[in-house]
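Hi,

Here is the structure I promised to pass on to you. My notes on it follow below.

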Protein chains: 4
Amino acid sequence: MRADAARNRTRVLQVAREQLAAGDDSLQLNAIARLAGVGVGTVYRHFPNRHALREALSAERFRELVDEAQAAAADVDALAGLRRLLRFTLARALDDSGFASVLESANDAEAQTSALKAELDLAVAHLLDRARGLGAVRRDIEADDVRRLLCGVEHALRSGACDPTRTEVYLDVLLEGLRPPR
Amino acid sequence: MRADAARNRTRVLQVAREQLAAGDDSLQLNAIARLAGVGVGTVYRHFPNRHALREALSAERFRELVDEAQAAAADVDALAGLRRLLRFTLARALDDSGFASVLESANDAEAQTSALKAELDLAVAHLLDRARGLGAVRRDIEADDVRRLLCGVEHALRSGACDPTRTEVYLDVLLEGLRPPR
Amino acid sequence: MRADAARNRTRVLQVAREQLAAGDDSLQLNAIARLAGVGVGTVYRHFPNRHALREALSAERFRELVDEAQAAAADVDALAGLRRLLRFTLARALDDSGFASVLESANDAEAQTSALKAELDLAVAHLLDRARGLGAVRRDIEADDVRRLLCGVEHALRSGACDPTRTEVYLDVLLEGLRPPR
Amino acid sequence: MRADAARNRTRVLQVAREQLAAGDDSLQLNAIARLAGVGVGTVYRHFPNRHALREALSAERFRELVDEAQAAAADVDALAGLRRLLRFTLARALDDSGFASVLESANDAEAQTSALKAELDLAVAHLLDRARGLGAVRRDIEADDVRRLLCGVEHALRSGACDPTRTEVYLDVLLEGLRPPR
DNA sequence: CATGAATGAGCTTTCATTCAT
DNA sequence: GATGAATGAAAGCTCATTCAT
């Protein structure tokens, strides 16, 4: 990538982050372009739509999530690792709706996002396999399902007053639900 | 309500339904007004925003859901009733995203919707109470939680290819998750 | 027209005039909207394109031209009237390129412009008829031709350094050319 | 000029001609570059703007016009030569708006164009001188004026439905107008 | 209360031009 | 000199919402 393009890309991401920090989730590409001192065309070239921008904004945190998942997969106690990973992911998704939407979307704008998602699902698949060995996870659930269900829980938590006790309860419901039926 | 007002309201709802049936979920108030041969202002008077319109469109089906919930609450087998009710609700929400959004929203536009929701939650509360007596539902879950979690599951199902087997699995995960932890 | 619409229309025209006075012939609808404190949509609603705006800006001066043409048609000396009218029109067209483009265009955006043009051509037709009676105008030339040829002369004058003596010469060439061939 | 530069220049001109032949008068430098398999920068190096490209595209036909003018200047019947030359030029300008714009412009992009124009004006000046001797052209008209007035006539013909009879009439008006006033 | 023209913010595309490589 | 990705100004459309009539 050309140096000036990289510079502009960085400025755009920086401004977008400032907007989010200021409590504006709308990520209006026009406004961002103006604030970044850049033409709209430049923003659209780098990020063809809002979702692509969200993906770029989430890339770093997604990388961290993948690391976390890999650590969890290597945990001695698979069940504890699973619980910790889901709690970690849920907290992050609740904190950052952009991140949640990237995690949930079935249509990635950037190949890098799909790659990260694949890496995540791979680590989670290992984790699930080991947990299954302990009788802690049912047979008909894959990494993909866990990701989707977790986003569902995040959704359920968002729809209503933010109540920290609900977070723990819903997370527990999910973990119990993942166990093989009695 | 004046006779012409009632007529207009009916026409608007009818056109909105036609639009949805034609596969257009956008419910653009301008377009609906035009197709209904009515001013935009008239549409806005009856339905201050898209969500209010969705509520009106869902009222009938919501009423049916409440009936179903009351029947389930009266079922001899509370657990079977719960499962049947959740499956019924999920099917409806998956079939009709407007209905799903009304079911999920914490901010009702119309008092009637809130009333229906209260009636629903009341019936579900009874059902849960009885199920709890059978050891089939954990203590820290209310009717409200069930509604939100079900919407979460609906969300999880939507995010990805429509796969009927997933519907049953996710529903099962939810029901298992609702049971008291082992 | 609604009072607010009329107000906005007026403001837009006023700003457009200011822009022209400031030497900016580009008539950018976005810029005008901004300066007029009005949305772009409003400008586009009133004036679907730049040409429509030019027509509106020229309406008054076009009306004056029609009056002048009617006066010329009533002149005792038809030939003098014709010469005076052509000189008047040419001066105006050279002074105001927007006016010239409205005068020349075959595709009017507003019906009012077409009406004015018809009125102009009617007056000129009378004038030509009388001049023909004096042997001062050839048979195969209509009012429409005179208007187009005058715009051609304006064009010829514009293409090159502005030289007042050329104006008189070219005008004379046109008037001599309109006479019946010897 | 380097061999590859010459090759590129040729390819660009060829593609531009194909575009014009296909009815696209916009001569978009980006599109032409793409179709020519060449960078935009290369097109801009050869032709700093659209007008420069038009001049290059017209060079050959302009050369032919100059030849025609020199032939006319050598014609025994100066008046017939003048008429023939004007008719020839007008036909060419009407057929090719790019050619017309090059003929008309007061600001040539390429020195070669200015040279051709000078050569043209010289031949026309001779022709006019001889015609003046026959009393067929007024004193206050130069070759430059004839070129501009002819472009004016072309303009007048373009503004309106294409009507071959008008071409002859307007041309006649011009020739009559060029004669000394009675 | 009904009406719908009017409003204007926002979005996205286009394209002439620049400039880093 | 060649290259073409990158730039950003401008254009003009869409549509939710308002408000004069």
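UniProt lists residues 28–47 of chain A as "DNA-binding region" in an unreviewed entry; UniProt positions follow the numbering used here, feature names are shortened, and annotations may be inferred rather than shown by experiment. This is a predicted model, in which local features need pLDDT of at least 70 and side-chain atom pairs count only at pLDDT 80 or more, while totals for chains, interfaces and linings use all residues. Residues are numbered from 1 along each chain as its sequence is written, chains are lettered from A and ligands numbered from 1 in the order in which they are written, and side-chain values use heavy atoms, with hydrogens and water left out.

The span 28–47 of chain A is 75% helix and 0% strand, and its end C-alpha atoms are 12 Å apart. (Helices are DSSP runs of H or I with at least four residues, strands are E runs of at least two, and both are numbered from the N terminus.) From an unreviewed entry, UniProt also gives "domain: HTH tetR-type" for residues 6–65 of chain A. That span, 6–65 of chain A, is 78% helix and 0% strand, with 25 Å between its end C-alpha atoms.

Now to the DNA. There are 33 residues around DNA strand F, and A:Asn8, A:Arg45, B:Asn30, D:Thr42 and D:Arg45 come nearest (near means a heavy atom within 4 Å). Of the strand F atoms that come within 4 Å of the protein, 66% belong to sugar and phosphate. Elements that each supply at least two residues of this surface include H3 (40–46) of chain A, H2 (29–36) of chain B and H1 (3–21) of chain C.

Some polar contacts (here, N or O atom pairs within 3.5 Å) are worth a look. On the phosphate side, polar side-chain atoms of A:Thr42 and B:Gln28 lie 3.2 Å and 3.4 Å from phosphate oxygens of strand F. B:Asn30 instead has a side-chain N or O atom 2.5 Å from a base nitrogen of strand F.

Finally, the largest pocket holds about 320 Å³ of space. Its lining has 15 residues, with B:Leu20, B:Asp25, B:Asp96, B:Ser97 and B:Gly98 nearest the centre. H4 of chain B gives the most to this lining, with four residues. Domain 1 (1–47) and domain 2 (50–178) of chain B each provide at least three lining residues; the domain bounds come from an automatic or database assignment.

Best wishes

How values were computed:
Polar contact = N/O pair within 3.5 Å; in protein donor to acceptor, adjacent residues only side chain to side chain. 1 Å grid on protein atoms, 1.4 Å probe; cavity = no way out; pocket = protein on both sides within 12 Å on 5 of 7 lines; lining within 4 Å. Points joined across faces, edges and corners; volume = space filled by probe spheres on them.
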